[in-house]
Amino acid sequence: MSDEQVGNDGYTGADLFVDTLESYGIDHVFGNPGTTELPVIDAIGRSELEYVLGLHEDIAVGMATGYAQTRRHRAHHDDSVNPVGVVNLHITPGLAHGLGNLYAAKRAGAPVVVTAGNHSTDFRHEEPALAGELVDLAEQFCKWSDEVLDVETLPTMLRRAFRVALTPPTGPVFLGLPLDVMMAETDADPERLGEVPNAGSGDPAQLERAADLLTDVDDHEVAIVAGDQIARSGTDAVDAAVELAEATGARVHGEIHAGEINFATDHDQWVSYVSTDEERASAVQDADTILFAGTSTNTTLTRHEDPLVDPDTTCIHVGEDAWEVGKNQPADAAVVGDPGLVLRDLAGRVRPNIAEETVAARLETARETKERIDEMLADVGEGDAEDDPRASKAQLIDAMRRVAGDAYVVDESVTAKFPIMTRWDFDPGQFLTNKGGGLGYGLPAAVGAALAERDSEDPREVIGFVGDGAYLYYPQTIYSAVRYDLDLTVVVSDNRNYRILKDNTLDLLGGDERDHEFVGMDFDPPVDIVRNAESHGGRAELVEDPDEIEGVLGDALARDGIDVLDVLVHD
Ligand SMILES: Cc1ncc(C[n+]2csc(CCOP(=O)(O)OP(=O)(O)O)c2C)c(N)n1
Ligand SMILES: [Mg+2]
């Protein structure tokens with residue numbers, strides 16, 4: 001508790017802010033400080049909280065979000081873990097810098113409370129330097145964006161900020177903290193956080209309807225598209241998804257742009273992720289009945305010509321977020337509720353009412369589809385540069401899987417992402433990837449994850465797996481990892497270009513490689529990632545020989561501290 005005051009006779013808003021965080025079980029505040037934050041920074045300095053400095057505000061938000069996403073997995077098994085990532089940024093330009101990863105947090109549904117200092121409420125009319133509309137700036141990326149205008153409202157507003165962030169559908173919240181409010185004296189106390197509700201167990205009438213649709217004997221092709229709300233709900237929800245798949249005989253896919261592991265990917269009924277490519281997305285979503293379970297982003301990156309799901313397909317939607325239910329496909333049954341509770345309930349309803357032969361026939365079609373798709377995906381990530389001495393992405397991923405099969409992987413590897421998600425059967429809670437699509441999230445998120453693991457009872461090895469382009473948004477993230485003494489291995493899938501933009505040029509505009517200049521897509525000359533990482537205090541190594549990957553990675557994992565392995569790969 002920060003009750004000894006320095007330079008102030010009484011107990012202030014800043015003290016109350018810090019005491020509230022501590023009473024909610026928060027251990028870290030991620031941030032980058034400025035003058036308007038000084039009372040808060042000073043109070044943090046007198047408290048038990050650890051301030052985690054990011055050298056750019058987007059790094060601070062990315063670290064807090066990766067930390068929150070990782071802690072959420074822990075919180076599912078331990079009530080004492082509050083997963084919220086707390087951030088403190090510097091007024092308008094600082095908040096603006098953090099918006100890229102605030103967007104990432106929103107898309108990932110990460111429980112994050114972002115705060116920023118602001119000018120005193122009786123000074124803003126003079127339009128001082130750094131002034132701006134903080135609440136408006138953050139609003140579109142937040143569940144709730146507001147400013148604390150009176151110190152007496154701070155306990156309620158903080159309590160509400162945490163509750164809104166944690167209540168499903170979870171997501172970021174913004175609170176502005178003006179200088180005068182943080183310096184005002186108060187005798188208010190923190191309010192208790194209280195119980196946070198889950199999304200409920202669903203409307204019985206819609207559950208019954210969904211169960212009826214899933215037991216229809218005429219439907220041979222039944223698919224489940226598993227979305228990230230399942231992982232957000234916990235490993236119990238993943239188990240419930242498996243139970244329902246087994247009860248119905250459905251084949252299972254992961255939603256487009258899945259950011260987490262929502263199904264047992266080593267299960268016989270697991271087939272693939274739905275591709276971002278229109279043709280392939282429509283092909284795997286060709287079924288009599290589809291259950292969309294906890295999906296949100298399930299659409300292509302650019303406009304599709306035809307519906308991704310045939311309008312005649314029976315569609316069942318289950319999810320914690322009413323906004324997502326029936327959003328891009330019609331809903332023939334619509335259950336709003338916690339995915340774990342709802343899927344388990346549906347499995348129980350379906351099991352006694354479905355004929356064994358129906359399940360067997362569906363499993364047979366599922367098996368055939370899986371075989372066909374497995375064949376198509378067998379060489380994913382191998383590329384076609386036969387004489388290239390550099391590793392293929394498949395070689396790199398397979399080496400990582402052999403050496404670090406149990407590691408926790410945080411990914412922003414772009415063209416290596418589909419290959420890693422296809423070639424490596426991650427356990428639920430073992431993998432995170434960038435869901436929003438804005439680059440510069442993965443590396444800070446990996447550092448946040450390493451911090452969350454360090455502070456857990458049984459820390460896992462953490463690997464950040466990022467493209468060279470992705471790495472270079474915020475290479476100074478390495479400084480934070482070093483500064484806080486974390487254990488992290490970063491593997492850079494380095495093809496020295498923005499490969500995916502070349503692929504997308506060909507997809508959008510046609511032609512072949514010789515027809516396009518690919519302006520702004522090559523690292524020529526390349527950045528020296530090794531020296532860059534070393535300048536921030538990390539150990540780093542260029543890996544040119546594919547045969548060396550396993551040894552170098554094994555050594556890096558065996559050491560404590562920060563290792564950056566810059567592995568050259570071909571396209
Ligand atoms: C903030 C942001 N800026 C730009 C982009 C556009 N963009 C998407 S992928 C990409 C290049 C990724 O390059 P790299 O990380 O090297 O992966 P590769 O495609 O080479 O596998 C860029 C610039 C983006 N998604 N987000
Ligand atoms: Mg690249």
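In this predicted model, P172 counts as buried because it has 33 C-beta neighbours inside 10 Å, and 20 or more are enough for that label. The domain assignment divides the protein chain into domain 1 (13-183), domain 2 (204-377) and domain 3 (393-568). The points below take up P172 and its loop, the UniProt records, the contact between two domains, strand β15, the shell around ligand 1, and some backbone details.

**P172 and its loop**

- P172 sits in the loop that links α7 (154-166) to β6 (173-178).
- Leaving aside residues up to four places away in sequence, P172 touches L102, A105, K106, A110, V112, V114, F141, C142, K143 and A165.
- The C-alpha atom of P172 is separated by 5.8 Å from that of V113, although the two residues are 59 residues apart along the chain.
- The loop between α7 and β6 also holds P169.
- A cis peptide bond, with omega near -10 degrees, leads from P168 to P169.

**Domain records from UniProt**

- An unreviewed UniProt entry places "domain: Thiamine pyrophosphate enzyme N-terminal TPP-binding" at residues 12-125. Over residues 12-125, helix makes up 48% of the chain and strand 18%, with the end C-alpha atoms 24 Å apart.
- UniProt, again in an unreviewed entry, lists residues 208-346 for "domain: Thiamine pyrophosphate enzyme central". Residues 208-346 are 30% helix and 20% strand, and their end C-alpha atoms are 8 Å apart.
- The UniProt annotation "domain: Thiamine pyrophosphate enzyme TPP-binding", from an unreviewed entry, covers residues 427-567. For residues 427-567 the figures are 37% helix and 19% strand, with 25 Å between the end C-alpha atoms.

**Contact between domain 2 and domain 3**

- Domain 2 and domain 3 have C-alpha centres that lie 31 Å apart.
- Their contact takes 14 residues from domain 2 and 14 residues from domain 3.
- On the side of domain 2 that touches domain 3, the elements giving two or more residues are α10 (228-233) and α11 (235-248).
- That side of domain 2 consists of five nonpolar, six polar and three charged residues.

**Strand β15 and its partners**

- Strand β15 spans residues 462-467, and six of its six residues are buried.
- One face of β15 carries V462, G464 and V466, the other carries I463, F465 and G467, and both faces are covered.
- Strand β13 (residues 408-412) runs parallel to β15 and is joined to it by five bridges.
- In the pairing with β13, I463 of β15 has V409 opposite.
- Strand β16 (residues 488-494) also pairs with β15 in the parallel sense, over five bridges.
- In the pairing with β16, G467 of β15 stands opposite S493.

**The shell around ligand 1**

- Around ligand 1 there are 18 residues, of which V414, T415, G467, G469 and R499 come nearest.
- G467, one of these nearest residues, is also one of the buried residues of β15.
- Helices α18 (468-471) and α20 (499-509) each contribute at least two residues to the shell.
- By residue class, the shell around ligand 1 has seven nonpolar, nine polar and two charged residues.

**Backbone details at V414, D485 and P525**

- V414, which is among the residues nearest to ligand 1, lies in the loop between β13 and α16 (417-423).
- The phi angle of V414 is near 55 degrees, which is positive in a residue other than glycine.
- V414 counts as buried because 24 C-beta neighbours lie inside 10 Å, where the cut-off is 20 or more.
- D485 is found in the loop between α19 (477-483) and β16, and it has a positive phi of about 65 degrees although it is not a glycine.
- D485 counts as exposed because it has 11 C-beta neighbours inside 10 Å, and the label applies at 12 or fewer.
- The peptide bond from D524 to P525 is cis, with omega near 5 degrees.
- P525 belongs to the loop between α20 and α21 (529-535); α20 is also one of the helices that supply residues to the shell around ligand 1.

Technical notes: Residues numbered from 1 in each chain as written. Chains lettered and ligands numbered in written order. Predicted model: local features only at pLDDT ≥ 70, side-chain atom pairs only at ≥ 80, totals over all residues. Near = placed C-beta within 6 Å. Helix = DSSP H or I, 4+ residues; strand = E, 2+ residues; numbered from the N terminus. Nonpolar A, V, L, I, M, F, W, Y, C, P; charged D, E, K, R; others polar. Pairing = 2+ DSSP bridges. UniProt positions renumbered as here; feature names shortened; annotations may be inferred. Domains from an automatic or database assignment. Contact = placed C-beta atoms within 7 Å.
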